[in-house]
Each structure stands twice: as C-alpha cells, then as structure tokens.
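Work through the exercises below with the sequence and the model open side by side. Each task is followed by a solution in steps.

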Amino acid sequence: MSWGAGSFLRKAHGRHAVRSPLQRSPSKYSALELVRHAVTREEWPRIWSERQLRPTYDVVVIGAGVHGLATAYYLAARHGIRDVAVLERSYVGGGGSGRNTAIIRSNYLTPDGVRFYKHSVELYRSLARELNFNVMFSQRGHLTLAHNDGSLRAMRWRAEVNKLEGVESEVISPADIKELAPLVDTSASTRYPILGALYHPPGGIIRHDAVNWGYARAAHALGVEIHQETEVIGISVECGRVQGVMTTRGQISTPVVVNATAGWASLVAKMAGVRLPIMTHPLQAAVTEPVKMFLRTVIVSGSLHVYVSQTDRGELVFGASTDPFASYSTRGSLEFTEELARHVLDLMPAIAPLRVLRQWAGLCDLTPDFSPIIGATQVQGFLLDVGWGTYGFKAGPAAGEAIAELIANGNTPRLIAAFDLARFAEGRLVNERGAAAVGH
Ligand SMILES: Cc1cc2nc3c(=O)[nH]c(=O)nc-3n(C[C@H](O)[C@H](O)[C@H](O)COP(=O)(O)OP(=O)(O)OC[C@H]3O[C@@H](n4cnc5c(N)ncnc54)[C@H](O)[C@@H]3O)c2cc1C
C-alpha cells in the first residue's frame, strides 16, 4: 500500500544529508575506552540526554519501547530522517520492552511469519556491532516440547515450513532432549510424558534493556529526540490526514505519527479515529535466585503453559501464557506463581529447592490471529506498529526497519505486506496461533 509520503520525504531529505550511523556518537565503547576510564576514573557520558520539546517534527513516534526506538534509529541511520521525536509517557523500556523474558527465535508457523522473524533474528545478530552496544545475544538453542500427538504433528509442520524458508528447525526425540537439557524429566512415567520437541538452534536469549538503551543511544546520537514523561493525549486529524498530537507537555504539529504503544495501542489508535481488533491482556513472568549454569537451551511447553531459560547470571527466568482476562493491570498474582511452580516442577523436578526472587507483569496487545498489525491506516500519515502480543520483542529490529522504510519511501515493504490492518476486514488472517501462544 502506498500512502503518498513523497512530499514529506523531499522535505526531510532537503533538510538533512544522510550520514553514516553513529557519526555524532558522543563516545565509542571499546576495550581501550574501558581501560582509559578505569585508569582516569573519568565518568562515562550519559547515553542520551533530555532536549526541549519543540512544536514541530517531521515524524512523531509514540512509545519508547524497542519498536518505537528501532523505528527512530532506522529513520535516522538508514534514511537521514532525523527530525524525529519519540514520546514516552513513562520511561524508556517502561512497557513490555523492559519486562519481557527476552526470547529470540524465528521458528514460526506461517511462511509470512517465518520470513519476517528470520530477518529480525539476522538484524539482532549484527546489532551489537551496529549500535556499538553489547546486547548479549546468545543463540543457545530453543526447544518446544510436545506432550501429545497433536503437538508433535504441529511441530513437524513448523519444522517443514521453517526449512523451506531457510530456518534451522527439526523434530527431535526424548533422548536428544535429554542430551541437550539433562534435568528435563523425559521418562515415560512422568505426569505429562514428552514425546519429542521442535529444536531450533538459532533461538536464544538477549539482554532486553541493552537493546532498548542501545537503540536509544544510537538514535539520540543521530539527532533523534527522546522525551520521557510525555504522554500523548490526543491526535488531530483533518480531512483524513494527521496534523499533530496533543501531549501532557503541549501540542506538536507533524505529518507522520507512528503508534508503537503495544498494550495501549487500541487506546492511542482511537485518538486518531482508527479501530483496532486488539485485546490487552497482562502477561506475568518470574525469576529465581542465581545458580550455577545448568540449562543451556530455552525450554517451552505449550501444553503446560510454561517456559524457562537461564540467564548468563544464573537466574532461571520463567514465563507462561497471558492472564485469562482483558486488563490494564500490571500486578502479579499468587495463582500465577503456584501454577507456574507446579508445571515447571513437572518438567524439571530437580529444581524444587530453588527460590523465586521476583515476579512481574506487562501488557500484551493480542490480535485475533496472533500476528502483528504493521503499516498504513485509513488516516494518512498515521502508521501502526502494534499487535505484538506476547512475542514482539524479537520483532523490534525488523519492524522498526520496515516502518522507517515505509515512511521514507511511501511504499509498504514486502516483508510486512501480509500484516496490514485491512486483512481483518478482507479475511486474510495470518494464523500464528500454533506457534505464538506460549512460545513468545
Ligand atoms: C512478561 C512478558 C514476557 C514477554 N516475553 C517475550 C519474549 O520472550 N520474547 C518476545 O519476543 N516478546 C516477549 N514479550 C512481548 C514483548 O515484550 C512486546 O511485544 C514488546 O516489548 C513490545 O514492544 P513495543 O516497543 O511495541 O511496546 P512497549 O515496550 O510496551 O512500549 C510501548 C510504550 O508506549 C508507551 N505509551 C503507551 N501509551 C502512550 C501514550 N499515550 N503516550 C506516550 N507513550 C505511551 C508505554 O509507556 C510504553 O513504554 C513479553 C512480554 C511480557 C509482558
């Protein structure tokens, strides 16, 4: 879909010449700099600073999570569009991007989904170098367990689609699972016997805060402004075109507004008169005390509604499926912890002595087909990068890159064409339910 951004682009390019990424970076991180700071005891500069909110911008991005920050970074780095403000009602990474369990993978079910997430994983692989920020991406392998014939069949299906799209995935036996994760109970006498698993070697975990901060720092170095504690409370639209936004700190005029607000996406879209088929549900997670490394791979069980990984610091990070009711609450619940502990111990009885240190919740914007909504809307200049549900952290780089390209060139990149808003009215759903519900 083309949304006629040509005139806006000419204006932006006239004003800003394209520069290479991080040309204006305040400090380059390197081993040498680390030693220099250790010796001189010089303070590290702040990685981004507050600037004054101005009354006009070429582009306003709402939401400083991974999607909003990546969009701003790619606009500046790839297209030279730097007159960009990222507006955030709380703080950078205060939404799902700072609360997720940081699982990165591309073993989805639909060809559109697999192609999209594959590209995002590729971008993640080179992100630390591109941003000059260690995002600690660890491709340690990802196992999705099958406890019944139906799940095993879905895994075989996913493995075949993955292979066709060039993504490494295969169905493995309980004996292979035992080798990869010795503490998983693969015996036939366990309560929910494991019949096999989908093994996805490129999957893994990342340091989510580092990704958010890395994008924020790099975008800021290129001239992007990040305004925290700045809530958008209205969007003005005239003759079907975006004119600007009203914030808690005043009005801003702009021809382009990107909605990257995840759990709040439908509320923000409503301000522009756009209705979204999105329900917001809380999703909880928990972490244990750190112990010696024993779990290399990420382990997911859709049937038991639970998944677990071990961080480089040694903590076990647990997640589950969303709370069963729509809500904007981010409170944890005892029911979640009890259920989680029961199912995790069904999988790995040996970890019973471990103590849970903390639990938390974030908001997830769920669509009916478990795929995102990215691209243009009926309101010219009002773009969506939403519907990321429980699985959108891994998508940040590819979605940000695609939205930046859409703004710069006015055409929807092929990678996101299937994820348009019109698909719900036209019955072209991209059904990822079988690969996106608990697996995140
Ligand atoms: C517990 C949990 C575990 C998860 N695990 C994974 C995982 O392992 N892997 C994975 O890929 N995904 C995971 N996810 C999903 C992932 O976190 C999200 O899909 C992703 O972070 C969404 O990023 P975002 O940038 O779109 O939104 P967010 O990071 O939520 O950012 C949106 C921002 O918009 C701001 N905002 C809202 N309204 C306004 C307004 N009116 N004005 C200004 N700002 C506003 C919010 O404050 C927020 O900071 C998990 C989520 C949760 C909660």
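The exercises that follow concern a predicted model.

**Exercise 1. Ring pairs of tyrosine 124**

Task: Classify the aromatic pairs that tyrosine 124 forms with phenylalanine 137 and with phenylalanine 393, and state which parts of the chain they join.

Solution:
- Step 1. A search of the whole structure gives 11 aromatic pairs.
- Step 2. For tyrosine 124 and phenylalanine 137, the ring centres are 6.0 Å apart and the planes meet at 55°, so this pair is tilted.
- Step 3. Tyrosine 124 belongs to helix H4, and phenylalanine 137 to the loop between helix H5 (127-131) and strand E4 (142-146), so the pair ties together parts 13 residues apart in sequence.
- Step 4. Both tyrosine 124 and phenylalanine 137 are buried.
- Step 5. With phenylalanine 393, tyrosine 124 makes a stacked pair, at 6.4 Å centre to centre and 25° between the planes. Planes under 30 degrees apart count as stacked.
- Step 6. Phenylalanine 393 sits in the loop between strand E19 (382-386) and helix H11 (396-409), so its pair with tyrosine 124 of helix H4 links parts 269 residues apart in sequence.
- Step 7. Phenylalanine 393 is buried, as is tyrosine 124.

**Exercise 2. Serine 120**

Task: Decide whether serine 120 is buried or exposed, and list its contacts beyond four places in sequence.

Solution:
- Step 1. Serine 120 is part of helix H4, which covers residues 111-125.
- Step 2. Its relative accessibility is 0%, so serine 120 counts as buried. The cut-off for buried is under 20%.
- Step 3. Once neighbours within four places in sequence are set aside, serine 120 contacts Lys394, Ala395, Gly396, Pro397 and Ala398.

**Exercise 3. The largest cavity and isoleucine 194**

Task: Describe the largest cavity by volume and lining, then examine isoleucine 194, one of its lining residues.

Solution:
- Step 1. The structure contains one cavity of 30 Å³ or more.
- Step 2. The space in the largest cavity comes to about 40 Å³.
- Step 3. Its lining consists of His147, Asp185, Thr190, Tyr192, Ile194, Leu304, Asp346 and Leu347. By class, this lining has four nonpolar, two polar and two charged residues.
- Step 4. Isoleucine 194 is located in the loop between helix H7 (174-180) and strand E6 (196-200).
- Step 5. Isoleucine 194 has a relative accessible area of 5%, so it is buried.
- Step 6. Not counting residues up to four places away in sequence, isoleucine 194 touches Leu145, Ala146, His147, Pro174, Ile177, Val184, Asp185, Thr186 and Leu347.
- Step 7. For phenylalanine 336, 142 residues from isoleucine 194 along the chain, the C-alpha separation from isoleucine 194 is 23 Å.

**Exercise 4. Helices H6 and H8**

Task: Compare the span of each helix with its expected value, and describe the burial of each.

Solution:
- Step 1. Helix H8 (residues 208-221) has 14 residues and spans 20 Å between its first and last C-alpha, close to the 20 Å expected at 1.5 Å a residue.
- Step 2. Of the 14 residues of H8, 13 are buried, so H8 is largely enclosed by the rest of the structure.
- Step 3. Just after H8 comes glycine 223, with a positive phi of about 110°.
- Step 4. Helix H6 (residues 149-164) has 16 residues and reaches 23 Å from first to last C-alpha, close to the expected 22 Å.
- Step 5. The buried residues in H6 include Ser151, Leu152, Met155, Arg158, Ala159, Val161 and Asn162.
- Step 6. Among the elements covering the buried residues of H6 are H4, E4, strand E5 (170-172), E6 and helix H13 (433-436).

**Exercise 5. Positive phi outside glycine**

Task: For alanine 262 and phenylalanine 370, give the phi value, the location and the exposure class.

Solution:
- Step 1. Alanine 262 is not a glycine, yet has a positive phi of about 45°.
- Step 2. Alanine 262 lies in the loop between strand E12 (256-259) and helix H9 (265-271). With a relative accessible area of 27%, alanine 262 is partly exposed.
- Step 3. Phenylalanine 370, also not a glycine, has a positive phi of about 60°.
- Step 4. Phenylalanine 370 is placed in the loop between strand E17 (356-366) and strand E18 (373-376). Its relative accessibility is 13%, so phenylalanine 370 counts as buried.

Definitions and conventions. Residues numbered from 1 in each chain as written. Predicted model: local features only at pLDDT ≥ 70, side-chain atom pairs only at ≥ 80, totals over all residues. Heavy atoms only, no water. Helix = DSSP H or I, 4+ residues; strand = E, 2+ residues; numbered from the N terminus. Buried < 20%, exposed > 50% of the residue type's maximum accessible area, 1.4 Å probe, protein only. Contact = heavy atoms within 4.5 Å. Expected span 1.5 Å × (residues − 1). 1 Å grid on protein atoms, 1.4 Å probe; cavity = no way out; pocket = protein on both sides within 12 Å on 5 of 7 lines; lining within 4 Å. Points joined across faces, edges and corners; volume = space filled by probe spheres on them. Nonpolar A, V, L, I, M, F, W, Y, C, P; charged D, E, K, R; others polar. Phe/Tyr/Trp six-rings, centres within 6.5 Å; stacked < 30°, edge-to-face > 60°.
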